[in-house]
Amino acid sequence: MLQEKVTSNTQEITFNDFKSEVLNDYRIAKVSRECSLLGRREVLTGKAKFGIFGDGKEVPQLAMAKAFKKGDFRSGYYRDQTLMMALGELTAQQFFAGLYAHSDIKEDPMSAGRQMGGHFATHSLHENGNWKNLTEQYNSSADISPTAGQMPRLLGLAQASKIYRNEKSVQHKTNFSKNGNEVAWGTIGNASTSEGVFFETINAAGVLQVPMVMSIWDDEYGISVHAKYQTTKESISEILKGFQRENDTNGYEIFVINGWDYVKLVDVYQKAAKVAREEHVPVLIHVKELTQPQGHSTSGSHERYKDKERLQWEQDHDCIAKMRKWILEFELETENGDILRFVDSEEELIILEKEAKKEVTDARRNAWNGYLNEIKAELLIAAEILENVASKSANGTFINKYKNDLLATAEPTRKEILASARKCLRYLKDEHFGAKIELQNFIKTSVNDGYRRYSTHLLNESDSSVLNEVERKPNYSPEKNLVDARIIMRDNFDAILKKHPDVLIFGEDAGLIGDVNQGLEGLQDKYGEIRVSDTGIREATIIGQGIGLAMRGLRPIAEVQYLDYLLYALQIMSDDLATLRYRTFGKQKAPLIIRTRGHRLEGIWHAGSPMGGIINNIRGIHVLVPRNMTKAAGFYNTLLEGDDPAVVIECLNGYRLKEELPTNLGEFKTPIGIVETIKEGTDITVVSYGSTLRLVQEAAKDLSQDGIEIEIIDAQSLLPFDLNHDCVKSLAKTNKLIVIDEDVPGGASAYLLQEILENQNGYEFLDSKPSTLTAKAHRPAYGTDGDYFSKPSAEDIFEKIYEIMHEANPHKFKSLY
């Protein structure tokens, strides 16, 4: 056959190769669509809990896949199954394993059943937790469900390429980048562009000029809400026209393309990739006229909110139907007058479509059997144990009923098996025989297995965990060298930047002026604007930058100016960073260090104490609360020895206080999860942290004059807290406890109380009611007097502790009031 040459994917290939490529793309599109159709049925029949699929978006994702290269990163959302299939990173069987929540990472490599289907990830780490060579694989950062939540992370993934291309100190890290040639590919639905973090990210990427290609899948709806209620002018590309770059400005290249036009889509994505990859210019592709054949998700039907005309339009403009029509009608005349076609008859496509449907049907069956057979094997073990127990128990009749009900269950769950076993154990509470022990062991094993399947990897469980780092104390010169504490921070960051060439520090006012408290003074001049840099006022994307950079092998320290401003970024910290290891079953990590400052600043908006809300939203991130700058510096040194995410909260009123300058800057380490007893005493254990400790120490002097010797324990870190259980050791001596902080009532102090009394069994040693002393429930009022009446003062601390001692010994400690 005549081998005519055509241009495809920017390379010359033979027509037969081009034909094979087109037909393979069509096959992938059909496989993906069949997965969506059958996936919905699996949910509606009860085999899966929920489904949200990529039907209607297949063809533009095929075009994207052609421009996506190894080393590139995706940060997308739950419609991208076709892209993942086209890249070879998702099979139909894996698609269904995810739908069924198969808890084996080999079966569901996206999340081991921890996320619902449609959330895609690749593995960045080896089994030991070390990095793979990310330049040799296609990379997908793990998805999250919150709409537009993928955007801040996308910024950092793209910025990493810019840093690798332009910063000499990291260009040796060739496992992460090849001269910064990697593109970060973002995807989002048109309605989700209404979210603030979308606009924040778009603006930041335009400022930074990073290699990002942002695709917006536009089907005119956000669940049931039409675009006219979502977007000004009903078009995101129209309102973003001002971002189009011009000869003398930075900005974007913006493309608008119909989502059913295979040929033009391939061309646009090739152009977009070239601009982003070579010039490091961000690109926005608005993909219009897409459809959503099954509606938003399995939770409803789009017939409820689309009229007949729209539904007919969607049938006519379905991207796969359009591609099919193009394939059938395609003809290319050669110079010799021969006519080249993709198929000679429609029958060829029908055969291909039947094969795709069979592939999906087989994949569904294999995934379901693989999921169910594991559980059935466990059921048979449980049934045998219950039969043995029943034969020896006076309550055998009741136990046999549970056994028979289990055996009659066609599609059992682990919940049903374990719940039945645990209920049967109740019938044996007054009986003792060997089979009972077997049942007890089965239950314990099942609970432990459940923990492994569903609760591991919240924190780093590898050898690189910072919890393995031991304390290294600061060294001091013989002559006492007292300095403003900010100098310790500045000089320690200097040592860090020198020791760790992959460390980057950035945030509001962090660069030129060296942060608002001068903890980075002069370091931008010394290390350059890439390694110490300013950002705009945009806390969510500052954290997103850090996540993306950390996922690509860099060690970012992202600065949020004040603790209260962390609330702008709390959603990204909570939903993305805190869950990353967990939701990937330990296959991705982002060792981001977040630097901020708080405590004791006066006023509603800069009070710096929303600790309870923070620690209860970001489980999975270490929360460190050093009482001074030496301790804070030690935490940074510790964190850089491992690869755990953390937030370090420096004491805002401590930068001008005097501290002794260590001689081993960059080397001393503050241990994480270890408390420190900073004053020994016999009468009451006082646990606190941060700036409040100075007030406790002040009150301790006055209490001592009244014959009360308090033991002061510095928590140092809230997440994790007191891994060695030193607080309960103190309680065994003092038999009394008070927790003091400046959070709201029921905040961090309540958390610490639970840790000490419940987790450490501290209640066993108490002979007085445990107490907390916190700030008022409202935000602190402004000014010295407002602070005094809003937060615990030294006098409050004295009187509260004195009151506890009065209750214990009223004859010795007379009532003050």
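The following conversation between a biologist and a modeller walks through a predicted model.

Biologist: Into which domains is the protein chain divided?

Modeller: Since this is a predicted model, the domains are described here as parts of that model. Going along the protein chain, the division gives domain 1 (15–343), domain 2 (375–454), domain 3 (466–660) and domain 4 (676–808).

Biologist: Between which domains does the largest nonpolar core lie, and why?

Modeller: In general, nonpolar side chains in soluble globular proteins tend to be buried together. The largest nonpolar core here has 92 residues, and F96, W185, Y269, I285 and I327 are the ones that touch the most other members. Its largest share, 16 residues, is supplied by helix α11 (residues 346–392). Because residues of this core are given by both domains, it lies between domain 1 (15–343) and domain 2 (375–454).

Biologist: Which residues does I327 touch, leaving aside those up to four places away in sequence?

Modeller: I327 is among the residues of the largest nonpolar core that touch the most other members. With residues up to four places away in sequence not counted, its contacts are V22, L23, Y26, F342, V343 and L349.

Biologist: Which strands stand at the edges of the open sheet of six strands, and why is one side of each left without a neighbour?

Modeller: The order of the strands in this open sheet is β4-β3-β5-β6-β10-β9, and their pairing is parallel. A strand at the edge has a single partner strand, so one of its sides is left without a neighbour in the sheet, and this holds for β4 (139–140) and β9 (253–258).

Biologist: What is the bridge partner of W185 in β6?

Modeller: Strand β5 (residues 184–189) and strand β6 (residues 212–217) run parallel and are joined by six bridges. Helix α2 (residues 58–67) lies across both of these strands and β10 (283–288), at about 170° to β6. Within β6, the residue that partners W185 is V213.

Biologist: Is Q292 buried or exposed, and what is its relative accessible area?

Modeller: Q292 has its place in the loop between β10 and α9 (308–316). Not counting residues up to four places away in sequence, Q292 touches D55, K57, R79, D219, H302, K306 and E314. The cut-off for a buried residue is under 20% relative accessible area, and Q292 counts as buried because its value is 6%.

Biologist: In domain 3, which residues lose the most area to domain 4?

Modeller: The C-alpha centres of these two domains lie 26 Å apart, and 32 residues of domain 3 are in contact with 30 residues of domain 4. The area buried between them is about 2,500 Å², with 54% of it coming from carbon and sulfur atoms. Three residues together account for 31% of what the domain 3 side buries, and they are R600, E602 and R627.

Biologist: Which residue in β23 stands opposite I684?

Modeller: An open sheet of five strands has the order β21-β23-β22-β25-β26, with mixed pairing, and its edge strands are β21 (676–679) and β26 (771–773). Within this sheet, strand β22 (residues 684–688) and strand β23 (residues 710–714) pair in the parallel sense over five bridges. In β23, the residue opposite I684 is I710.

Biologist: At about what angle to β26 does helix α26 run?

Modeller: Helix α23 (residues 726–734) lies across β22, β23 and β25 (737–740), at about 175° to β23. Helix α26 (residues 794–808) lies across β22, β23, β25 and β26, and its angle to β26 is about 170°.

Terms used
Residues are numbered from 1 along each chain as its sequence is written. This is a predicted model: local features need pLDDT of at least 70, side-chain atom pairs count only at pLDDT 80 or more; totals for chains, interfaces and linings use all residues. Side-chain values use heavy atoms; hydrogens and water are left out. A nonpolar core is a set of buried Ala, Val, Leu, Ile, Met, Phe, Trp, Tyr and Cys residues joined through side-chain atoms within 4.5 Å. Buried means under 20% relative accessible area, exposed over 50%, partly exposed in between (1.4 Å probe, protein chains only). Helices (H or I, at least four residues) and strands (E, at least two) are DSSP runs, numbered from the N terminus. Domain bounds come from an automatic or database domain assignment. Contact means heavy atoms within 4.5 Å. Two strands pair if DSSP finds at least two bridges between them. Axes are lines fitted to C-alpha atoms, for helices over the stretch in contact, and angles run from 0 to 180 degrees between N-to-C directions. Buried area is the accessible area (1.4 Å probe) that two parts lose on being put together, summed over both.
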